[in-house]
Amino acid sequence: MRVLPPPAEGFPATVETLIVGAGAGGMVAALAAAQAGDEVVVVERDAVPSGSTALSAGLIPAAGTRFQAAHGIADDAATFAADIQRKAKGENEPTLVETMASTAAEAIEWLADRFGLAFSLVHDFDYPGHGRRRMHGLPTRSGRELIDALRVACEGAGVPILCEARADTLYADADGRVQGVGLVRPDGSEERIGCGRLILASNGYGGNAARVARHMPEIVGALWFGHSGNDGTALAWGEALGAEIRHLGAYQGHGNVAHPHGILITWAVIGEGGFQVDRTGRRFWNEAQGYSEAARAVLARPGGEAFAIFDARIAGIARQFADFREAEAQGAVRSADTLDALAGALGLPTDAFAETCAAVDTAKAGRADDPFGRAFAGATPLAPPFCGVRVTGALFHTQGGLAVDADARVRRAAGGTFPNLHAVGGAACGVSGSGDSGYLSGNGLLAAVTLGFRAGRAVQAARDASG
Ligand SMILES: Cc1cc2nc3c(=O)[nH]c(=O)nc-3n(C[C@H](O)[C@H](O)[C@H](O)COP(=O)(O)OP(=O)(O)OC[C@H]3O[C@@H](n4cnc5c(N)ncnc54)[C@H](O)[C@@H]3O)c2cc1C
């Protein structure tokens, strides 16, 4: 990963918009740029587009969509933006938050109407920190379906995706104008492609162990659950060019990954009235804070593990997620008719576990405050059959990166923006504050889809401005 001056011999071919990375951010940007009339090429290191997008649940938050209206949910960008800022304790740049919050509905409806992505609203449970139900997903609630649908849309729009082409070198003038990139093929051969503008959509640096140790030492040792291509390419280029870099300690963790199966267990099992205990059979924190900070909470317990406890009613809600169904198929979800039997199946001390469950029921009935401060009152008590999963904490993706403006143009550390360089998705600094607790559910794909949409369309804005 290096930045060099443009080669004297130039580039054998040049495209108007070149995009590095065929994840959600890159492909949404490609579709938007192509629709705006640009000639677009996407380069992708893998043989088939996948990225962290394919590993995700594919859920994208948006406010004021017709999918929400169909469920009678009134929502707007200002409410959404306030939720994002509240979770991040106001650490985000307000303009970027407002941009994402006000773009998401348009982008989702555009993907649905123009490219046939069959979004629907997750309407049957709440995500922590969201004041409205606003997570939108495809039927299987899996990122694999999302990435495949975007790839099919790119194919339909005539956008070439050059696979097995890892961008390794960025060629830029001394003033920071990007001229092209150098690609490395699996056989070691090298190619160059020139561009009118470059959109970095190669995600973050969570798969780069040295970066994780440097920027977020508290999560070193956690399972890395993202895509191996998250090696910090965009960040390294941005640093070399003199870009403004923000919040490198920000990341999304997850404290509910089935262990040792390595399958995401949706936080719905907790949000709907479930809870977590450690090996002693006791709870250890207020789970309602969110699943990102749950990673550190769980990793700090004996053995770096915990147990998610819920029941068959909640499992029925969780089953809309392909991951949960896979966890059940692999035997990660244990089920029993009594709490004692569940404790036995999970290897937990029965007396302590029974006391924990009784205390939660008391709090749900409003007869006592929860010692950890969770607002349990009114929640439905667990009922047989009971369920439990052994879980651990994982690092999902980073949230810091290149600072961008409302059209995802990369900012210079010295002020202003680069003339033809954009960063979207995990390549850009997101809206999750400076640590792990600022991540509001869906912030990852929100940055990919909204910044991709805006960066792609920015070419149209530039044309309009020049008359
Ligand atoms: C298990 C899991 C669950 C998640 N669930 C959700 C969720 O439900 N909702 C949500 O909002 N977020 C979720 N996230 C986060 C979300 O997946 C990411 O924030 C989002 O996918 C980022 O999209 P992206 O396009 O920036 O990156 P990616 O999808 O990772 O795409 C980047 C692409 O760039 C390619 N690439 C990298 N370097 C190069 C290079 N040098 N040359 C060429 N190609 C390169 C990669 O191979 C990859 O295909 C989850 C993450 C994980 C790990």
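Me: On a 1 Å grid over the protein atoms alone, a cavity is a set of points where a 1.4 Å probe fits but cannot get out, and its volume is the space filled by probe spheres set on the points, which are joined across faces, edges and corners. How many cavities of 30 Å³ or more are counted here, and what space lies in the second largest?

Reply: This is a predicted model, in which local features need pLDDT of at least 70 and side-chain atom pairs count only at pLDDT 80 or more, whereas totals for chains, interfaces and linings use all residues. Residues are numbered from 1 along each chain as its sequence is written, and side-chain values use heavy atoms, with hydrogens and water left out. The count gives four cavities of 30 Å³ or more, and the second largest holds about 60 Å³.

Me: What makes a residue part of the lining of that second largest cavity, and which residues qualify?

Reply: A lining residue has an atom within 4 Å of a grid point, and those that qualify include Glu 91, Arg 246, His 247 and Cys 429. By class this lining has four nonpolar, three polar and three charged residues, where Ala, Val, Leu, Ile, Met, Phe, Trp, Tyr, Cys and Pro count as nonpolar, Asp, Glu, Lys and Arg as charged, and the others, Gly among them, as polar.

Me: Which residues come nearest to the ligand, and what makes the approach of Glu 44 a polar contact?

Reply: A residue is near if one of its heavy atoms lies within 4 Å, and of the 39 residues around the ligand, Glu 44, Ser 52, Thr 53, Asn 203 and Leu 445 come nearest. A polar contact is a pair of N or O atoms within 3.5 Å, so the 2.6 Å between a ligand oxygen and an N or O atom in the Glu 44 side chain qualifies. By that cut-off the side chain of His 397, at 3.4 Å from a ligand oxygen, qualifies too, as does a backbone N or O atom of Gly 442, at 3.0 Å. Taken alone the ligand exposes 1000 Å², of which the protein buries 98%, by the Shrake-Rupley method with a 1.4 Å probe.

Me: Why are β4 and β5 described as standing at the edges of their sheet?

Reply: Strands are DSSP runs of E of at least two residues, numbered from the N terminus, and two of them pair if DSSP finds at least two bridges between them. The open antiparallel sheet has the order β4-β6-β5, and β4 (60–61) and β5 (120–121) each have a single partner strand, so one side of each is left without a neighbour in the sheet. β5 meets the pairing rule with two bridges to β6 (residues 135–137), where Leu 121 stands opposite His 136.

Notes. 1 Å grid on protein atoms, 1.4 Å probe; cavity = no way out; pocket = protein on both sides within 12 Å on 5 of 7 lines; lining within 4 Å. Helix = DSSP H or I, 4+ residues; strand = E, 2+ residues; numbered from the N terminus. Polar contact = N/O pair within 3.5 Å; in protein donor to acceptor, adjacent residues only side chain to side chain.
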